[in-house]
Amino acid sequence: MARTPLPMRPTGWFQVAWSAEVGVNDVHRMTYFGTEMIAWRSASGQVTVMDAYCEHLGAHLGFGGTVDGEILRCPFHGWEWNRQGRNVCIPYEKNPNRGRRIRAYPVTEHSESIFIWYDADRREPYFPVAEALSGFDDGRSAADYYPAFGHSTLFEQSVEIHPQYVMENGVDFAHFKYVHNTPLVPEFTRHDFDQPVSYVDFTIAFDDVPADEINSGVQAINSGIGVASTKSWGMIDNRTQTCVTPIDDTTSDVRFTVWIGRKPGDDSDHPTSRALRNAAGVIEQFGNDIHIWKHQRYSDPPALSPSEFAGFTAIRAWATQFYPADFDQTAAVAAAR
């Protein structure tokens with residue numbers, strides 16, 4: 001794939017793990033935004049994500065660091081760090097080092113997922129990340145869906161892909177016919193890009209029915225360019241969450257989560273065989289998208305057809321708010337060619 005000209009350190013919320021991957025007292029290693037990080041869960045169940053190196057002499061806290069109650073202890077000299085990244089104890093001194101602090105990231109946890117807020121200028125979060133299961137104002141909640149992790153998730157690591165490519169897929173009505181084999185192209189009923197959290201709704205059918213009889217569709221909530229949640233209606237009851245998190249200047253991790261609606265009266269933690277088949281079908285369709293994205297070049301300006309112009313123009317203008325103020329897209333595109 002041609003190297004993306006878009007900035008790989010955008011502002012926003014990004015998934016760094018599924019919740020089940022970080023148990024109480026666990027220390028989980030990862031690298032995002034060109035930075036080695038750790039996630040750890042305290043005795044109270046709270047997750048902290050911080051830079052990986054101890055501010056004392058630079059030990060990597062992901063290799064031997066231990067959780068004790070609400071603190072993380074360095075394996076090198078026992079220095080203790082709290083969830084805000086502050087040193088609270090040096091075991092061989094009377095006082096902690098109050099002048100040094102490990103960078104800790106704002107964290108939110110829901111939808112079986114751990115998200116961090118990333119901003120190169122370290123601004124505080126200014127928009128939320130929508131909940132995939134209860135964020136569509138229809139009265140549904142996690143209790144109405146089978147758990148996803150361990151059953152219906154997809155994790156593509158170190159893919160040469162930019163988060164914006166995935167967001168643009170949401171307004172690309174024509175690809176449904178050619179990538180997903182739908183008999184008709186969708187009809188978009190909502191494009192709302194007025195705020196950092198945007199909305200896209202469209203009608204779609206996977207069966208060959210007359211256009212005027214289509215009674216199914218998708219609603220999408222985009223929480224910045226890092227997290228997209230969808231609700232399907234009029235077909236298999238499912239919710240999805242697509243998350244693309246940059247690792248470095250060329251690659252990202254892609255996580256895809258599918259929740260299938262519970263069978264009435266079934267409160268089991270394990271999906272039925274039918275639910276697993278339905279989830280696998282959704283994941284297979286998403287895999288078709290990934291195959292395209294992996295080999296895509298960012299075209300600017302794109303050769304849009306008249307009917308594509310409004311959607312692509314709106315989402316690309318919306319995406320610029322998450323990039324540095326001095327980002328010159330025209331110059332970046334020219335340099336990448």
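This briefing looks at the enclosed space, the nonpolar cores and the salt bridges of one protein chain. The structure is a predicted model. In it, 1 cavity of 30 Å³ or more is counted, and the salt bridges come to 13.

**Cavity**

- The largest cavity holds about 30 Å³ of space, and its lining is made up of 8 nonpolar residues, 1 polar residue and no charged ones.
- Strand β18 (252-260) and helix α3 (273-293) each supply at least two residues of this lining, with β18 giving the largest share, 3 residues.
- Among the lining residues are Tyr146, Trp259, Ile260 and Ala275.

**Nonpolar cores**

- The largest nonpolar core has 48 residues, of which Ile161, Val200, Ile225, Trp293 and Trp318 touch the most other members, and α3 contributes the most to this core, with 6 residues.
- A second, separate core of 16 residues includes Phe14, Ala17, Val49 and Ile247.

**Salt bridges**

- Arginine 100 and glutamate 55 meet through their side chains at 2.8 Å, N to O; they sit in two loops, 45 residues apart, and so link distant parts of the chain.- Arginine 100 is partly exposed, with a relative accessible area of 42%, and glutamate 55, at 27%, is also partly exposed.
- Lysine 231 forms a salt bridge with aspartate 138, their closest N and O atoms being 3.2 Å apart; because lysine 231 lies in strand β16 and aspartate 138 in the loop between β11 and β12, the pair ties together parts that are 93 residues apart in sequence.
- Lysine 231 is buried, at 14% relative accessible area, whereas aspartate 138 is partly exposed, at 29%.
- Arginine 73 and glutamate 80 form a salt bridge at 3.0 Å, N to O, and Asp68 joins Arg73 and Glu80 in a network of salt bridges.

How values were computed: Residues are numbered from 1 along each chain as its sequence is written. This is a predicted model: local features need pLDDT of at least 70, side-chain atom pairs count only at pLDDT 80 or more; totals for chains, interfaces and linings use all residues. Side-chain values use heavy atoms; hydrogens and water are left out. On a 1 Å grid over the protein atoms alone, a cavity is a set of points where a 1.4 Å probe fits but cannot get out, and a pocket is an open set with protein on both sides within 12 Å along at least five of seven lines; lining residues have an atom within 4 Å of a point. Grid points are joined across faces, edges and corners, and a volume is the space filled by probe spheres set on the points. Helices (H or I, at least four residues) and strands (E, at least two) are DSSP runs, numbered from the N terminus. Ala, Val, Leu, Ile, Met, Phe, Trp, Tyr, Cys and Pro count as nonpolar, Asp, Glu, Lys and Arg as charged, and the others, Gly among them, as polar. A nonpolar core is a set of buried Ala, Val, Leu, Ile, Met, Phe, Trp, Tyr and Cys residues joined through side-chain atoms within 4.5 Å. Buried means under 20% relative accessible area, exposed over 50%, partly exposed in between (1.4 Å probe, protein chains only). A salt bridge is a side-chain nitrogen of Lys or Arg within 4 Å of a carboxyl oxygen of Asp or Glu.
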